[in-house]
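Subject: A structure for you to explore

Hi there,

Here is the structure I promised to pass on to you. Have a look at it first, and then read on for what turned up in it.

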Amino acid sequence: QVQLVESGGGLVQPGESLRLSCAASGSSFNIYTMGWYRQAPGKQRELVATISSSGTATYVDSAKGRFTISRDNAKNTVYLQMNSLKPEDTAVYYCNADITLGTSWVLRTYWGQGTQVTVSS
């Protein structure tokens, strides 16, 4: 099995930055696309950014120019650098990853447990 563990959330003031990390652990797996989602209170979970195994990134419009997604394939880790944070960025942030296990070609999406980001003065 594979586990995704996020870290780096917290309470910051508007305009400040945070860097989220999400590390995958387990045995004998291959990671393909990784992504970050967020869910604010009372709202549906929404996509923030994705990054392919070759490093191609996509962003939701509200994140463009402020957030940067990156990954370290050697460490099985994806990052989300968030700059110029706004109160509306407040949410629980989840990472996910499309993974195959061992020699299987079956692609399954795994999720982390989430990390709280609060932007408030």
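Which residue lies over the face of Y110, and at what distance from the ring centre? The residue is R108, and the distance is 4.5 Å. Before we go further, please keep in mind that this is a predicted model.

**Charges over rings, and a hairpin**

Y110 is a good place to begin. Y110 belongs to β10, where A97 stands opposite it. The two strands involved are β9, residues 91–101, and β10, residues 108–111. They pair in the antiparallel sense over four bridges. Together β9 and β10 form a hairpin, with six residues between them. In that turn you can find G102, which has a positive phi of about 55 degrees.

A second arginine also sits over a tyrosine ring: R45 lies over the face of Y94, at 3.7 Å from the ring centre. As for rings paired with other rings, the count comes to one aromatic pair.

**An open sheet**

Now try tracing the strands. Four of them form an open sheet in the order β1-β3-β8-β7, with antiparallel pairing. The edges are taken by β1 (2–7) and β7; each has a single partner strand, so one side of each is left without a neighbour in the sheet. From one strand to the next, the twist averages 15 degrees.

If you zoom in on β1 and β3, you will see that they pair in the antiparallel sense over six bridges. For a landmark there, look for L4, which stands opposite A24 in β3.

**The nonpolar core**

Next, look inside. The largest nonpolar core has 30 residues, and those that touch the most other members are W36, V48, F67, V78, L80, M82 and Y93. Many strands contribute: β1, β3, β4, β5 (46–51), β7, β8, β9 and β11 (115–119) each supply at least two residues of this core. Which strand gives the most to this core? That is β9, with five residues. You have already met β9 as a partner of β10 in the hairpin.

**Salt bridges**

In general, side chains of opposite charge can pair when their charged atoms come close. How many salt bridges does a search of the whole structure find? The search finds four. Here are some of them:

- E46 and R38 form a salt bridge, with their closest N and O atoms 2.7 Å apart. E46 counts as partly exposed, at 34% relative accessibility, whereas R38 counts as buried, at 6%.
- D61 and K64 form another, with the closest N and O atoms 3.1 Å apart. D61 counts as exposed, at 61% relative accessibility, while K64 is partly exposed, with a relative accessible area of 48%.
- D89 forms a salt bridge with R66, and here the closest N and O atoms are 2.8 Å apart. D89 lies in the loop between β8 and β9, and R66 in the loop between β6 (57–59) and β7, so the pair ties together parts that are 23 residues apart in sequence. D89 counts as buried, at 0% relative accessibility, and R66 is buried as well, with a relative accessible area of 11%. Salt bridges that share partners join R38, E46, R66 and D89 into one network.

**Two loop residues to check**

Finally, have a look at the backbone angles of S28 and N76.

Where does S28 lie? S28 lies in the loop between β3 (18–26) and β4 (29–39). The phi of S28 is near 55 degrees, a positive value in a residue other than glycine. Is S28 buried or exposed? S28 is exposed, with a relative accessible area of 53%.

N76 is found in the loop between β7 (67–72) and β8 (77–82). The phi of N76 is near 55 degrees, again a positive value in a residue other than glycine. N76 counts as partly exposed, at 26% relative accessibility.

Happy exploring, and write back with any questions!

Best wishes

Key
Residues numbered from 1 in each chain as written. Predicted model: local features only at pLDDT ≥ 70, side-chain atom pairs only at ≥ 80, totals over all residues. Heavy atoms only, no water. Buried < 20%, exposed > 50% of the residue type's maximum accessible area, 1.4 Å probe, protein only. Pairing = 2+ DSSP bridges. Axes fitted to C-alpha atoms, helices over the stretch in contact; angles between N-to-C directions. Phe/Tyr/Trp six-rings, centres within 6.5 Å; stacked < 30°, edge-to-face > 60°. Lys NZ or Arg CZ within 6 Å of the ring centre and 35° of its normal. Salt bridge = Lys/Arg side-chain N within 4 Å of Asp/Glu carboxyl O. Core = buried A, V, L, I, M, F, W, Y, C linked by side-chain atoms within 4.5 Å.
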